[in-house]
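Me: I would like to go through this model step by step. Please take my questions one at a time.

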Amino acid sequence: MSLATMRTGRIATSKAQSIGSSAFSSRASRRRGLCVRATTDAAEPDAAVIDKNLELMRHFSEQYAQRTGTYFCVDKSVTAVVIQGLAEHKASLGAPLCPCRHYDDKAAEAANGFWNCPCVPMRERKECHCMLFLTEDNDFAGREQEITHEEVIDGIKHMM
C-alpha cells in the first residue's frame with residue numbers, strides 16, 4: 001500500500017468517524033478524501049514526470065477548449081506558460097492547481113479542489129483568470145483550440 005493510499009485511508013476514516021457513515025458515503029465526501037495527494041516532505045519531481053504531465057496538460061487543455069467552445073490566447077506563449085505551470089503543480093501536488101494565483105498553502109488548496117483546473121469560476125461562468133480558456137468575445141482570444149508539443153516548448157523556452 002502506498003503512502004498516499006495510507007494517508008487517504010486515515011483521512012477517510014477520521015471523516016467517517018466525525019461526520020457519520022451516511023454523510024461519508026456521499027460522493028463529495030469520498031472525492032475530497034481522495035484528493036489529498038501532496039505532502040510537505042515530498043521531493044521535487046524529476047524532469048521526466050514534469051514532461052509527462054506537460055503532455056497530459058497540453059492534451060487536457062485542447063480537449064477542454066474544444067468541449068467548452070473556448071479558445072487559446074492569440075499569443076501562444078501565454079497558453080504554453082499556463083500549461084507548464086499546471087504540469088508542474090500536477091507533478092508536485094498531484095493536482096493541476098491554477099498557476100496564476102498566490103496560495104499560502106498550495107497543498108491545502110490542491111486538496112480543496114476549488115482552484116484545480118478547470119477551476120470553479122471556469123466551470124460555472126467560463127471565467128479563466130489564467131487566460132488559458134477564453135471565450136470568443138475576449139479581445140485576447142485567438143481562433144485556435146490546439147497547441148502542439150513543439151509550440152508549448154517554444155513558448156516556455158525563455159523560462160528554462
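Me: Is Arg 58 buried or exposed?
Reply: In this predicted model, buried means under 20% relative accessible area, exposed over 50%, and partly exposed in between, with a 1.4 Å probe and protein chains only. The relative accessible area of Arg 58 is 12%. Arg 58 is therefore buried.

Me: Before going on, what does the model rest on?
Reply: Residues are numbered from 1 along each chain as its sequence is written, and side-chain values use heavy atoms, leaving out hydrogens and water. Local features need pLDDT (the predictor's confidence in each residue, from 0 to 100) of at least 70, side-chain atom pairs count only at pLDDT 80 or more, and totals for chains, interfaces and linings use all residues of this predicted model.

Me: Which backbone oxygen does the side chain of Arg 58 reach?
Reply: A polar contact is a pair of N or O atoms within 3.5 Å; within protein, one must be able to donate a hydrogen and the other to accept it, and residues adjacent in sequence count only if both atoms are side-chain atoms. One such contact joins the side chains of Arg 58 and Glu 55, at 2.5 Å. The side chain of Arg 58 also reaches a backbone oxygen at 2.8 Å, that of Ile 147.

Me: How is H4 placed relative to H5?
Reply: Helices are DSSP runs of H or I with at least four residues, numbered from the N terminus; Arg 58 is found in H4, residues 47–68. The axes, which are lines fitted to C-alpha atoms over the stretch in contact, with angles from 0 to 180 degrees between N-to-C directions, come within 8 Å for H4 and H5 (residues 76–93) and cross at roughly 125 degrees. Angles under 35 degrees count as roughly parallel, over 145 as roughly antiparallel, 65 to 115 as roughly perpendicular and the rest as oblique. So H4 is oblique to H5.

Me: Ala 80 lies in helix H5; what is its relative accessible area?
Reply: Contact means heavy atoms within 4.5 Å. Leaving aside neighbours within four places in sequence, Ala 80 is in contact with residues including Ile 147 and Val 152. Ala 80 is buried, and its relative accessible area is 0%.

Me: What is the mean pLDDT of the protein chain?
Reply: Of its residues, 72% reach 70 or more, and the mean pLDDT of the protein chain is 79. Over residues 1–41, however, the pLDDT is below 50. Where pLDDT is low, the predicted coordinates should not be read in detail. The mean asked for is 79.

Conventions. Helices (H or I, at least four residues) and strands (E, at least two) are DSSP runs, numbered from the N terminus.
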